[in-house]
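Me: I should like to understand the terms used to describe a protein model. Please set each value against its definition.

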Amino acid sequence: MFKVNDNYLKLPGSYLFSTIGKKVSAYKEAHPDKEVISLGIGDVTQPLAPAIIESLHKAVDEMAVKETFRGYTPDLGYEFLRSAIAKNDYKARGVDIAIDEIFISDGAKSDSGNIQEIFSVDNKIAVCDPVYPVYVDTNAMAGRTGTYNPDTELWSDVIYMPCKAENGFAPELPETTPDIIYLCFPNNPTGATIKKEQLQQWVDYANKNGAVIIYDAAYEAYISEEDVPHSIYECAGAKTCSIELRSFSKNAGFTGTRLGFAVVPKELKDREGTSLNALWARRHGTKFNGAPYIIQRAGEAVYSEEGKKQTAEQIAYYMNNAKIIKEGLAEAGFTVSGGVNAPYIWLATPEGMTSWEFFDHLLENANVVGTPGSGFGPSGEGYFRLTAFGSYENTLEALKRIQAL
Ligand code: PLP
């Protein structure tokens with residue numbers, strides 16, 4: 001008789017977004033006259049930019065002609081896209097990344113979930129708390145996280161790095177040495193970033209301790225401050241200790257179109273001298289048959305002059321929303337952070353209110369939906385996440401309602 005992978009049974013239910021969905025539906029059903037505004041989701045709302053659409057159309061037409069039709073894509077992705085990435089995301093920032101160090105994928109969620117496969121099951125992971133849940137859940141599925149304690153909401157074999165107001169929502173170097181360190185900046189959910197010198201400390205720590213950093217830079221395009229690094233490879237020595245993950249979802253609206261990439265430098269080796277680039281190439285070649293040609297052409301268009309201009313305008317639109325939310329909340333007396341280099345605003349719930357109590361309060365009294373911080377980990381308790389991905393009009397209206405509370 002077959003048996004399931006027991007590790008899946010250890011996973012706690014993913015209650016966060018389903019609970020939010022249920023609460024919102026129940027509220028709407030009971031109050032059909034109320035217009036509920038969601039600033040809860042992490043999905044973009046602006047359509048794909050014209051330059052991207054034009055490229056998509058062209059690629060679709062190519063698929064209709066025998067001479068230009070494309071079948072399976074190359075393992076690592078098309079060279080035209082990898083070259084555009086190497087030039088625009090790295091070379092332009094003074095970083096040399098070879099195109100065979102870039103692996104095109106269908107997004108950063110897949111990469112951040114799959115990357116753990118090339119590491120030993122004995123490796124110990126360290127994550128920020130609160131955190132994007134994919135890192136921990138996928139390691140739990142692989143049997144790397146020990147047992148889950150529902151009371152503390154913590155796994156026995158995971159090193160948690162609390163990110164709270166006291167440390168500026170930036171993790172501190174852990175006391176127990178991890179093998180794999182997940183970092184995400186600009187951060188989801190806190191919207192926090194770290195400066196280059198802080199990231200350099202992590203790179204030095206990883207190199208000194210033989211650890212690898214999985215650096216999730218999905219929100220890189222939202223960085224507005226000068227001394228915030230866009231890539232971990234801006235730090236000296238990062239190529240021997242880090243993998244970087246990028247996404248086209250938030251910089252160019254590909255959440256439904258799907259495109260991302262991982263950078264695995266050739267210098268990155270484990271203690272036996274095994275190349276992670278070769279292992280990831282092996283894994284990619286075996287388990288992934290490539291992002292579609294038309295989508296890779298759409299990705300290439302993001303780096304065209306028009307594409308850059310148009311996507312920058314979309315980011316500016318979202319960041320204007322972020323400013324409205326952040327300043328509006330501050331005026332209303334809330335303690336807020338994030339929203340400067342990230343589309344997320346992280347606010348402390350009013351005295352004595354848990355994250356979920358504040359969720360209910362906001363839904364019932366302002367008809368605004370956000371995300372309870374505790375859903376991202378125990379250190380998120382007492383916080384609440386609002387996103388800048390809504391429309392300008394809805395953002396203004398939501399803020400007006402929150403201020404009137
Ligand atoms: N990484 C982080 C930190 C995210 O917040 C998200 C999406 O919300 C992703 C990765 C997923 O990106 P993608 O759409 O490329 O899979």
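The exchange below takes up domains, open and enclosed spaces, and buried residues.

Me: What should I know about the model before we begin?

Reply: This is a predicted model, in which local features need pLDDT of at least 70 and side-chain atom pairs count only at pLDDT 80 or more, while totals for chains, interfaces and linings use all residues. Residues are numbered from 1 along each chain as its sequence is written, and side-chain values use heavy atoms, with hydrogens and water left out.

Me: Which domains does the protein chain have, and how do you know that?

Reply: The assignment gives domain 1 (8-47 + 308-404) and domain 2 (53-305); such bounds come from an automatic or database domain assignment. The centres of the two domains, taken over C-alpha atoms, are 25 Å apart. Contact means heavy atoms within 4.5 Å, and 32 residues of domain 1 are in contact with 41 residues of domain 2.

Me: What makes a space a pocket, and what makes it a cavity?

Reply: On a 1 Å grid over the protein atoms alone, a cavity is a set of points where a 1.4 Å probe fits but cannot get out, whereas a pocket is an open set with protein on both sides within 12 Å along at least five of seven lines. Lining residues have an atom within 4 Å of a point. Grid points are joined across faces, edges and corners, and a volume is the space filled by probe spheres set on the points. The largest pocket holds about 1,500 Å³ of space. Of its 47 lining residues, the closest to its centre are Leu 16, Phe 17, Tyr 132, Pro 133 and Gly 375.

Me: Why is the largest pocket said to lie between the domains?

Reply: Domain 1 and domain 2 both give residues to its lining, so the largest pocket lies between them. Helix 6 gives the largest share of that lining, six residues. Helices (H or I, at least four residues) and strands (E, at least two) are DSSP runs, numbered from the N terminus.

Me: How many cavities are there of 30 Å³ or more?

Reply: The count comes to three cavities of 30 Å³ or more. About 70 Å³ of space lies in the largest cavity, and among the residues that line it are Asp 89, Arg 246 and Tyr 303.

Me: Why does Gln 116 count as buried or exposed?

Reply: Buried means under 20% relative accessible area, exposed over 50%, and partly exposed in between (1.4 Å probe, protein chains only). Gln 116 has 7% relative accessibility, so Gln 116 counts as buried. Gln 116 lies in the loop between helix 5 and strand 3. Leaving aside neighbours within four places in sequence, Gln 116 is in contact with Thr 138, Asn 139, Ala 142, Arg 144 and Tyr 182.

Me: What makes Ala 86 count as buried?

Reply: The relative accessibility of Ala 86 is 11%, and therefore Ala 86 counts as buried. Ala 86 lies in helix 4 (residues 79-90). Not counting residues up to four places away in sequence, Ala 86 touches Lys 91, Ile 97, Ile 99 and Ile 102.

Me: How do you know that helix 10 is mostly covered?

Reply: Eight of the ten residues of helix 10 (residues 293-302) are buried, including Tyr 293, Arg 297 and Val 302. What covers the buried residues of helix 10 includes helix 3 (50-63), helix 4, strand 2 (102-105), helix 8 and helix 11 (305-331).
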